[in-house]
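Please look over the chain shown below before reading on. The report that comes after it is written for a reader who has not met this structure before.

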Amino acid sequence: WTLVSAVPTPTTPATITNPGSASTTITGLQQGTYVFRLTVQDNNSPTKASGTDDVMITVNPQATGGGTAIRVNAGGSQQTNSLGVFSADVNYSPSPGNTYSVSSSIDIANTTDDAIYRSERYGTNGTMSYAFPVVNGSYMVRLHFSENYHTSAGKRIFDISMEGVKVKDNFDVFAKAGAAFTATTETFQVNITDGILNMYFSSLAADGGVDQPKVSAIEILSTTSAMAALNIGVIDRMNQDDGLESSFSLQKLSATVSPNPSAHTFILHLRSTSTKLVTVRIFDAVGRLMEPERTVAASSTILIGQNYRPGIYYVEMLHNNKKVIKKLVKQ
């Protein structure tokens, strides 16, 4: 087995575990398209006859759910900016389709993240589409646009559909942004029940369209998890004590988490004269619930985080209609 090509070029190489075996595992795959070649040689033939066959593997973005974001730089390469990491363009149709970009010297107004607006994917014969694998649930989809080709309104008009439902009719990027080379966004709420988030763009005359549809970048985030992550950030800023031992008071409840940081297990000590129960939930850094919530007595001791990987986590305690979230550091 050999690696023939990888698009886009991965930041770290894929590893073929057993290249000399008929079957093998491959590790280190990143989002993109890989072509691996199997070469078979007949050592018993006088000419050492051989043959090859190629296998193409497409690695999609991780199915999102529980807060994991999908961000794609449409028509361009991977970019990191104030919003996060936007992968190189994936999951589009038709393939290879059409892309367009302007010089890196071009300033895009109304944004500090110019790079994702300088590239775009545009339609073929008036249409294009995207299909992203996701966990069923409710999502926020934010599309990024900048009109980098036309210099007046009415030159590019198209519709946008999500899951077969038209969410934007006769959209004109220039008219929305007010000028060329100016960033603008459109945000939609979408509910997924079939494991695939489908987007369809049309500038067909039958739809009232003009020229070709386009998009500069795409963001997808689970609605529930987005709210959870936002809530965690706000609450944690209200309670910044991140020392080795974290303590706080909730009316009649006192709680201590130690050690913090920890390389193994955190011990949560709850002490109170209250008879009301405490609800304990633990989230990772992007708002995913790590385990089922626990309801415990206001005076109790529980172990948390035993099998968690190194990273940032948050323990949330609800008691007497009050909520506090503390940051945990797993080493």
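The following paragraphs go from the chain as a whole to its cores, and then to a few chosen residues.

**The chain as a whole**

The model described here is a predicted one, and every value given below was computed from it. Its secondary structure comes to three helices and 27 strands. Of the 331 residues that make up the chain, 42% count as buried. If one takes the contacts between residues at least 6 apart in sequence, 63% of them join residues at least 24 apart.

**The nonpolar cores**

The largest nonpolar core has 26 residues, and the members that touch the most other members are Phe132, Leu143, Leu197 and Met199. Several strands each supply at least two residues of this core, namely β6 (70-73), β12 (127-133), β13 (137-145), β14 (158-162), β16 (184-192), β17 (196-202) and β19 (217-222). Strand β13 gives the most to this core, with four residues.

The surroundings of Leu143 can be followed in some detail. When residues up to four places away in sequence are not counted, Leu143 touches Ile160, Met162, Thr184, Thr185, Glu186, Phe188, Met199, Phe201, Val215, Ala217 and Ile218. Apart from this largest core lies another core, of 18 residues, and among them are Val278, Val280, Val296 and Tyr308.

**His144 in strand β13**

His144 has its place in strand β13. Is His144 buried or exposed? Its relative accessible area is 2%, and because buried means under 20%, His144 counts as buried. The side chains of His144 and Tyr117 are joined by a polar contact of 2.6 Å. Leaving aside residues up to four places away in sequence, the residues that His144 touches are Leu83, Ile116, Tyr117, Thr184, Thr185, Val215, Ser216, Ala217, Ile218 and Glu219.

**A sheet of three strands and the residue Arg121**

Val215, which appears among the contacts of His144, also has a part in the description of an open sheet. This sheet of three strands has the order β10-β11-β18, with antiparallel pairing. Its edge strands, each pairing on one side only, are β10 (98-101) and β18 (214-215). Strand β11, which covers residues 119-122, pairs with β18 in the antiparallel sense over two bridges, and Arg121 stands opposite Val215 in β18. The charged end of Arg121 sits over the ring of Tyr92, 3.4 Å from its centre.

**Aromatic rings around Tyr92**

A pair of aromatic rings is described by the distance of the centres and the angle of the planes. The count of aromatic pairs comes to eight. For Tyr92 and Tyr130, the ring centres are 6.4 Å apart and the planes stand at 75°, so this pair is edge-to-face. The pair links distant parts of the chain, since Tyr92 lies in strand β9 (residues 92-93) and Tyr130 in strand β12, 38 residues apart. Tyr92 is partly exposed, with a relative accessible area of 26%, whereas Tyr130, at 2% relative accessibility, counts as buried. Together with Phe132, Tyr92 and Tyr130 form one aromatic cluster, and Phe132 is also one of the residues named above for the largest nonpolar core.

**Two further residues, Gln41 and Asp114**

Gln41 lies in strand β4, residues 32-41, and is partly exposed, with a relative accessible area of 45%. Not counting residues up to four places away in sequence, Gln41 touches Lys48, Ala49 and Ser50. Gln41 and Thr52 are 11 residues apart in sequence, and their C-alpha atoms are 8.8 Å apart in space.

Asp114 is found in helix α1, residues 114-118, and counts as buried at 11% relative accessibility. With residues up to four places away in sequence left out, Asp114 touches Ile106, Asp107 and Ile108.

The table below lists polar contacts of the residues discussed in this report.

| Residue and group | Partner and group | Distance |
|---|---|---|
| His144, side chain | Tyr117, side chain | 2.6 Å |
| Gln41, side chain | Asn43, side chain | 2.7 Å |
| Asp114, side chain | Ile108, backbone nitrogen | 2.8 Å |

Terms used:
Residues numbered from 1 in each chain as written. Predicted model: local features only at pLDDT ≥ 70, side-chain atom pairs only at ≥ 80, totals over all residues. Heavy atoms only, no water. Core = buried A, V, L, I, M, F, W, Y, C linked by side-chain atoms within 4.5 Å. Buried < 20%, exposed > 50% of the residue type's maximum accessible area, 1.4 Å probe, protein only. Contact = heavy atoms within 4.5 Å. Pairing = 2+ DSSP bridges. Polar contact = N/O pair within 3.5 Å; in protein donor to acceptor, adjacent residues only side chain to side chain. Phe/Tyr/Trp six-rings, centres within 6.5 Å; stacked < 30°, edge-to-face > 60°. Lys NZ or Arg CZ within 6 Å of the ring centre and 35° of its normal.
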